[in-house]
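Student: Please pick one part of this model and look at it closely with me. After that, show me how the rest is put together around it.

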Amino acid sequence: MAGVKRACGWVACLSLLLVATAQAHDFKVGALRLDHPYATPSQQGTALLCFREIRNNGAQADHLRAASASVAQQVLAPEGQALPLVLPAGAAQRWRHDNGNCLRLQGLAKPLAAGERFEAILNFEKAGEARVNVWVQQPR
Ligand SMILES: [Cu+2]
């Protein structure tokens, strides 16, 4: 145990902390918790705007009415869906790059590359407006 303690010196612990905080960020608005907004690097002028999870802790369903982003002309509903998108009460949804639930960034001002950040604004019927910082990252 002493060895473990010594191995986790000040610098090591700080870097562990930085790694931990670099992997996730979340935003709370009303009864909603928006966990880890991220975007895929762009391909042919479009990219996906995803969330690791969106949880509605409220007793009533909420709806995403509109979304916008500083980097794109439009933020569209997932392919084959339309706004508003329902967020059922007391439930979590995964809006992941691999499950077809991500919003779509259309009309990008410039290509999005991994490591970049941008702001997106989501407008929910009950929770109101949420401004989130989106991390562009290679999906894994
Ligand atoms: Cu995050």
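Tutor: Start with Gln-44, which counts as exposed because it has 7 other C-beta atoms within 10 Å. The limit for exposed is 12 or fewer. Keep in mind that this is a predicted model. Gln-44 sits in the loop between β2 and β3 (47–56). Its backbone deserves a look too. The phi of Gln-44 is near 50°, a positive value, and the residue is not a glycine. Most residues other than glycine have a negative phi.

Now step back along the chain to His-36. This residue also has a positive phi, about 50°, and is not a glycine either. His-36 belongs to strand β2, whereas Gln-44 lies in the loop that follows, between β2 and β3. His-36 is partly exposed because 17 other C-beta atoms lie within 10 Å. Buried would need 20 or more.

What does β2 pair with? Strand β2 (residues 32–39) pairs with strand β10 (residues 128–136). The two run in the parallel sense, over two bridges. Tyr-38 has Trp-135 in β10 as its bridge partner. β10 has another neighbour as well. Strand β9 (residues 117–124) is joined to β10 by eight bridges, and this pair is antiparallel. Here Phe-118 is bridged to Val-134 of β10. The link from β9 to β10 is a hairpin of three residues.

Next, go to the other side of the Gln-44 loop. There you meet β3, which pairs with β8 in the antiparallel sense over three bridges. Leu-49 finds its bridge partner in Leu-103 of β8. β8 (103–108) follows the loop that starts after β7 (91–95). β8 also pairs with β5: four bridges join the two, again antiparallel. In that pair, Leu-76 is bridged to Arg-104. In a regular strand the side chains alternate between the two faces of the sheet.

Where do the nonpolar residues gather? The largest nonpolar core has 29 residues. Ala-39, Leu-49, Cys-50, Ala-69, Val-75, Leu-105 and Ala-120 have the most contacts inside this core. Several strands contribute. β2, β3, β4 (62–69), β5, β8, β9 and β10 each give at least two residues. β3 gives the most, with six. Nonpolar side chains tend to be buried together in soluble globular proteins.

Cys-50 is one of those core residues, and its contacts reach well along the chain. Setting aside residues up to four places away in sequence, Cys-50 touches Tyr-38, Ala-39, Trp-95, Arg-96, His-97 and Cys-102. You have met Tyr-38 already, as the bridge partner of Trp-135.

Follow the contact to Arg-96. Arg-96 lies in the loop between β7 and β8. It is partly exposed because it has 16 C-beta neighbours inside 10 Å. Beyond its neighbours within four places in sequence, Arg-96 is in contact with Cys-50, Asn-101 and Cys-102. Glu-53 is 43 residues away from Arg-96 along the chain, yet their C-alpha atoms are separated by 8.0 Å.

Asn-101 leads on to another loop. Its C-alpha atom is 9.0 Å from that of Gln-81, with the two positions 20 residues apart along the chain counted as their separation. Gln-81 is in the loop between β5 and β6. This residue counts as exposed because it has 12 C-beta neighbours inside 10 Å. The same loop, between β5 (72–76) and β6 (85–87), holds Pro-84. A cis peptide bond joins Leu-83 to Pro-84, with omega about 0°. Most peptide bonds are trans.

Now the whole chain. It has two helices and 10 strands. The helices come before the strands, counting from the N terminus. Of the 140 residues, 23% count as buried. Among contacts with a separation of 6 or more, 67% are between residues 24 or more positions apart.

How far can you trust the picture? The mean pLDDT of the chain is 88, and 84% of the residues reach 70 or more. Residues 1–18 are another matter. Their pLDDT is below 50, and the stretch has two contacts beyond near neighbours in sequence. Where pLDDT is low, the predicted coordinates should not be read in detail.

Key. Residues numbered from 1 in each chain as written. Predicted model: local features only at pLDDT ≥ 70, side-chain atom pairs only at ≥ 80, totals over all residues. Pairing = 2+ DSSP bridges. Contact = placed C-beta atoms within 7 Å. Core = buried A, V, L, I, M, F, W, Y, C linked by C-beta atoms within 7 Å. pLDDT = per-residue confidence, 0-100.
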